[in-house]
Amino acid sequence: MSHDSRTAPRICPLCEATCGLTLTIEGTTVTGARGDRDDIFSRGFICPKGASFGGLDADPDRLRVPLVRGDDGELREAAWGEAFDRIAARMPDLVKARGPQAVGVVLGNPNVHTMAGSLYPPLLLGALRTRNVFTASTLDQMPKHVSSGLLFGDAHAIPVPDLDRTDHLLLIGANPLESNGSLCTAPDFPGRLKALRRRGGTLTVIDPRRTRTARLADRHVAIRPGADALLLAALAHTLIDEKLADPGPLAEHLEGLDELAAALADFTPEAVAAACDVDADTITAIARELAAAPTAAVYGRIGSCTVEHGTLASWLVDVLNILTGNLDRPGGALFPLSATARAPRAAEPGTRNAAPGKGFALGRWSSRVSGHPEAKGELPIAALAEEIDTPGEDRIRALVVIAANPVLSAPDGDRLDAALADGLDFMVSVDPYLNETSRRADVVLPPPPPSQSAHFDFAFNSFAVHNQVRYTRAAVPLEDGRMDESEIHARLILAVSGMHGAPPSAVDDLAVDTALARAGAPKELAAGLTGESGPERRLDLMLRLGPYGLTLEQLLAHPHGIDLGPLKPRLTEVLRTRSGRVELLPDPIAADLPRLRRALGDRPAPLVLVGRRHLRSNNSWMHNVGSLTGGSNVCTLQIHPDDAARLGLADGDTARIESSGGGIEAPAEITDTVRSGVVSLPHGWGHSRPGTRMSVAAAHPGANVNQLLDGTLLDPLSGTAVLNAIPVSVTPAH
């Protein structure tokens, strides 16, 4: 290092693993990144994304000042004041004239990777009063939120596998060696799985692809795509039928166990075998192994969520953990307790049961055009285009898009792109890039690069496999001409709510006052909060009100984090159901089971498509980092040799893929890592639209797999788009 070099700790914001980094900084430029060996959670682990932190941070294509659309229809650079003036001049008047439902809000997954993205969108939604909220959750994890809400009464009460203590781990639709984990925050997932094997534990992987994770397994089951819920139902049936089910101490907290047995009676291993393409003996063996293990955890993710029965599959994952007595016990699946969580609830007086809560409801309102029911306050993002381009009262006429690129990430991007171009009166985008979606905005507000922002993981600490807390301030000062991301969000809230010109601190002050009132805490506590900014004061308050009684000063004194101990049983603290018990067979689940029974007679299309994850990528927002391109991070159609021979495709040939939404082309990659009858394309590609400013991505555009979908096929309970097990036809391109 040169004489002016220094190092600074930083939590990596590039995936859910939240690894600790040590940045090397020359002046104000990040020149290197390595794993922080002193980090109390990641212990020095780093993946290629974290190692490329400096390249992403210094990407010359990142916007540095706002863009505003001129009278000529072109976007031009503008001062921050002009950008917010434009928003304040348009949005409040539009809401006054058309009503709050004329505005839609789209939130992308990068929001949960920043402090601002976690703290301010709820305040924005409160200011706009719109029900037209769309997020990336209906493209991946909403089924798990819905099933948790129905089981436990809280859509955020998601148990995670106790990776470091379990004896048997069953993964379905999950590939954490390449995704780094999802709804299971675990730095060095590969090392944790290898440690499981070293201590004599068992790893079972159910996946139609022989992924890197599957190659590590004791047992890999190449299930037919889309049949996850059927297989899980057969496992649960076997546990009950063979009297292997033993909830143990959980029994006193369960409601509906007898009804569950009756509801799953038809899903015998023999009945589901053909539909799953997994023989009955294998299904029975897996169930017996789960029951026999001293401790076990079942964990399902994207592959089992983004299918026709995604919510049922997510529900059955927890049903299996419950039936084997592994929910809420060490070595099983436990509920993390983050430092900013709500204070634990007390048990019902005179009992060990949870006090009755408000419960969880679906369908409190519906989308205007197709009548899709809301889930967790959100509508399916697959319905966004029709809500814009279909005439009628309450049609969306203005859109606020924060860290989202739905033209690539949602089904039928062509229709959505046209709707954004021709169907809106006004659009604001908060995004560091001019991408396939933000290029349609009237105002683009670019946040600074991550090195210039503080970091705290509000969301991911709630899914961490070990309780801990870490906070890092900005590693370098804010560059001249840039605006802090939190200030961007605060000023946006003020502009849309008719308070343009008020100080941004007013937004944080209101948030502090509201939090104190909800907690029943004295207002005087606000005066004692520390921190250099509104977000830091809000973090300090959340820590003080949290279960550990920490303060911001304590976090700053421990730059590598504070270890809060292993996960502990706390089921009665998280239950919010009306009964105060785990409701094993909630009405919406019971009503959807006949649809799953009908699937017992389904036989698959000759060829179905599944997605895949890349270790060197995280959806479309990381395709502009040169150091992460190439290698395995390419957009190819993986196809089994037998299928390739039948279709007349050679390795490297351009294949034409067609489905309900249209057709795309991609190079064929012939490999036996996918089972026959299955092809695989990665998500987030298709950087070929004009008007973007992402030079690296445009040089390696790939094909947008979501253009194969017309957006009509959804999991009915969660509104999640079906992205896997899609029937396709494949031919050589001409």
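**A seven-stranded sheet, helix α20 and the surroundings of Thr324**

In this predicted model, 7 strands form an open sheet with mixed pairing, in the order β5-β4-β17-β16-β15-β6-β7. The edges of the sheet are formed by β5 (75-77) and β7 (133-135), each of which pairs on one side only. From one strand to the next, the twist averages 15°. Within the sheet, strands β16 (residues 426-430) and β17 (residues 443-445) run parallel and are joined by 3 bridges. Val430 takes part in this pairing, with Leu445 of β17 as its bridge partner.

Two helices that lie across strands of this sheet were examined. Helix α3 (residues 80-98) lies across β4 (67-69), β5, β6 (103-107), β15 (398-402), β16 and β17, and runs at about 125° to β17. Helix α5 (residues 121-128) lies across β6, β7 and β15, and its direction makes an angle of about 170° with β6.

Helix α5 also helps to cover the buried residues of α20, as do α19 (485-496) and α21 (534-545). Helix α20 comprises 15 residues (residues 505-519); at 1.5 Å a residue these should span 21 Å, and the end C-alpha atoms are 21 Å apart, in agreement with that expectation. Its buried residues are Val507, Asp508, Ala511, Val512 and Leu516. Viewed down the helix axis, these residues fall within an arc of 165°, and therefore line one face of α20. The general geometry of the helix is relevant here: an α-helix has 3.6 residues a turn, so residues three or four places apart point the same way. The face of α20 turned away from the buried side carries Leu510 and Ala517, which are exposed. Gly520, located just after α20, adopts a positive phi of about 70°.

A further site considered is Thr324, located in the loop between α15 (310-323) and β14 (333-334). Thr324 has a relative accessibility of 14% and therefore counts as buried, the cut-off being under 20%. Its side chain makes polar contacts with two backbone oxygens: that of Leu320 is reached at 2.8 Å, and that of Asn321 lies 3.3 Å from a polar atom of the Thr324 side chain. When neighbours within four places in sequence are left aside, Thr324 is in contact with Leu239, Asp246, Leu290, Ala291 and Arg329.

How values were computed:
Residues numbered from 1 in each chain as written. Predicted model: local features only at pLDDT ≥ 70, side-chain atom pairs only at ≥ 80, totals over all residues. Heavy atoms only, no water. Pairing = 2+ DSSP bridges. Helix = DSSP H or I, 4+ residues; strand = E, 2+ residues; numbered from the N terminus. Axes fitted to C-alpha atoms, helices over the stretch in contact; angles between N-to-C directions. Contact = heavy atoms within 4.5 Å. Expected span 1.5 Å × (residues − 1). Buried < 20%, exposed > 50% of the residue type's maximum accessible area, 1.4 Å probe, protein only. Arc of directions from axis to C-beta. Polar contact = N/O pair within 3.5 Å; in protein donor to acceptor, adjacent residues only side chain to side chain.
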